[in-house]
Amino acid sequence: MAALTFYRRPSRAAKLRPPQDDGALYGPVLMTTLFTILFDGVAYGMLLFVLACGLAVTLGLMNFVNLAHGAFAMAGGYICAILVNRSGVPFFVALPIAFMASAVIGLIMERSLYRHLYHRSPLDQVLFTIGLTFMSVTAVDYVMGSSQTFIHLPEMLQGQFNLFGIGVGRYRLMIIVICGLLTLGLQLILARTRFGSRLRAAVDDPRAASGLGINVPQVFALTFAFGSGLAGLGGALGAEILGLDPYFPLKFMIYFLIVVTVGGSSTITGPFLASLLLGIADVAGKYYVPKLGAFVIYTVMIVLLIWKPNGLFGRTAAR
Amino acid sequence: MNADRTVGEFALNRSRWGWSEMVFWLLAVASIFVFSDRYLILTEIAWLGLFAMSLDLILGYAGIVSLGHAAFFGVGAYTAGLLAVHGIVKEPILALLVAGLAATVLGFVTSFLVIRGSELSQLMVTLGIALLLRELANKFSNITGGFDGLQGISIDPILGLFAFDLFGKVGYIYCLVVLFVLFLLARRIVNSPFGLSLRAIRNNPLRAAAVGIPVNRRLVAVYTLSAFYAGIAGALFTQTTALASLDVFSFDRSADLLLVLVIGGTGYLYGGLIGAVVFRILQDLFSSWTPQFWQFWIGLVLVLIVLIGRERMYRGVMWLPRNFARRFGKTKPAAMSDGGAS
């Protein structure tokens, strides 16, 4: 297992006994395992959604391929780790700080660098963001060292409790709650507020939107910052599950891209469903066919892309 | 008839050897004697140049952006390694061809996936295929040796005559000859009507289809060809270093390759070769500076190139030689304007 491409702390599902161990309990154990996989998968998927939804908006709004998105997530993760481990800031205070800090970094980057590249060819955008990724990876390696970083969690988030005979991990439950609330909030902002309708208009047709007096660059800068902030929050929340080391942006780049390409970028529901699917499929694949590892995910992605090049749920993955 | 002849003349004019090209290859030959203590780096430049040329064939001539070109490199490398370890094909040149063909088959099969869909899904699919192969090589560690790589690769003498020596002189000459032969082939191909049709597709696929170019078939063909070249580059890597590990499929390799090609410039075949030289020198410089963190500077170079703008950078670099040519060599611009008028 040490030879896995994507290092992850062994999930609880992987540590469970195989179902065929006791014959008498076969049925119930199978059910519990299934629930545990589902639960872990949903937690993982929601985390992926928070990490990747900023990328979906960037791609949908400006058709910008931001391969450095994971770097913002890593920034959030490390900021949270430094605050909690070195300065003793409570975990729940560190989370919003990680969000804000990543958002500010995102805003600065957008205003200073990214905005020059919106009208460049995809090759330029890819080169630029790969360069940024390399720089962030080595810079973090230099400052923080190349080993895994863990965030000290408060007592109340460790371990699991029993719910109708099913072991429920406290931390994963918290992730589901936080990410679920965030998703609801995002959906409400997008559907009900003025900013949301501006954003949707700009995604649909930037030229017409700016013709109607919507300040598209401003909308974009704010969205970019917000998306980076969410990625940072996701990085902080996910340090426990996904692992946090300097190679985070490279390891999870493909996962973010899968979420976006499969989910499409015209709605928020598309990436959300895609993340859940990816999370559950990944956890289940690792449990039932551990030999194949990440193979399942890549195959599913390629098949999906051939079957529906524009994403499973989206109208257009890229214009 | 008339149009055919003008296209033919145009292609012929383009395919004429200029003095700068001859100088380039003379320098390459001279490097065998001048840098006799640097054969290992020179060899690396040679296969990297071939690898970059293979990317240039699809990126510079057909406009396909690939984030997973290491897939073909890796298949070539492992094929050459396995052939040598199990003693199936002993002769290096034959093994090279077999490795190239293995990559070609993969290129042909995957080309149908790659040419569909938008640029984003092209990026995704190429990246996905490379990751998939890496995962496969990892899982079938009984065949590939997993993380440790293939053990015990020993390469027989070329044609049974020239044994690989410790200093890598034979290896370098071997790489250089293969590179030159494949370069001639690529040069012939891109200057043929086939190559011109590829350029038409890159500039505007819709218009190319409208004038009767079978766009998809041409893209499949060039993608397959490019896979062949990348496979050969991978096989050269394995044969000269006696190494084949999971690293051949890594994302970094594909990303570095993009940088190599961008440094040299796309769409004129020499870009990959010049880029390989510059990239290797830069890499050497950076790793002597900060051994562990040279990738930071590589990233910085990428960012700067994009921010400056690729076009502007080439204009800046070419300013001196052009100025020089204008002042001293009156014949060159005149010949070029002749070619344009006819």
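I call a residue exposed if 12 or fewer other C-beta atoms lie within 10 Å of its own, and buried if there are 20 or more. With that noted, I opened this predicted model.

**Entry: helix α12 of chain A**

I started with α12(A), which has 13 residues. From its first C-alpha to its last I get 18 Å, close to the 18 Å expected at 1.5 Å a residue. Which residues of α12(A) are buried? I found A:I297, A:Y298, A:M301 and A:L305. They span an arc of only 95° around the axis, so they sit on the same side of α12(A). A handy reminder for my margin: an α-helix has 3.6 residues a turn, so residues three or four places apart point the same way. I then turned to the other side of α12(A), where A:V303 and A:W307 are exposed. Next I asked what covers the buried residues of α12(A). The cover includes α10 and α11 (269-288) of chain A, and also α6 (119-139) of chain B.

**Entry: where chain A meets chain B**

That led me to the interface, where 38 residues of chain A contact 35 residues of chain B. On the chain A side, the elements giving two or more residues are α5 (122-144), α10 (248-263) and α12 (295-307). I see α5(A) giving the most, with 16 residues. By class, I count 29 nonpolar, six polar and three charged residues on this side of chain A.

**Entry: chain B as a whole**

I noted 16 helices and zero strands in chain B. Its radius of gyration is 21 Å, which agrees with the value near 20 Å for a compact globule of 342 residues. Buried residues make up 44% of chain B.

How values were computed: Residues are numbered from 1 along each chain as its sequence is written. Chains are lettered from A and ligands numbered from 1 in the order in which they are written. This is a predicted model: local features need pLDDT of at least 70, side-chain atom pairs count only at pLDDT 80 or more; totals for chains, interfaces and linings use all residues. Two residues are in contact if their C-beta atoms, placed from the backbone, lie within 7 Å. Helices (H or I, at least four residues) and strands (E, at least two) are DSSP runs, numbered from the N terminus. Ala, Val, Leu, Ile, Met, Phe, Trp, Tyr, Cys and Pro count as nonpolar, Asp, Glu, Lys and Arg as charged, and the others, Gly among them, as polar. The radius of gyration is taken over C-alpha atoms; the globule rule is 2.2 Å times the number of residues to the power 0.38. The expected span of a helix is 1.5 Å times one less than its number of residues. The arc is that of the directions from the helix axis to the C-beta atoms.
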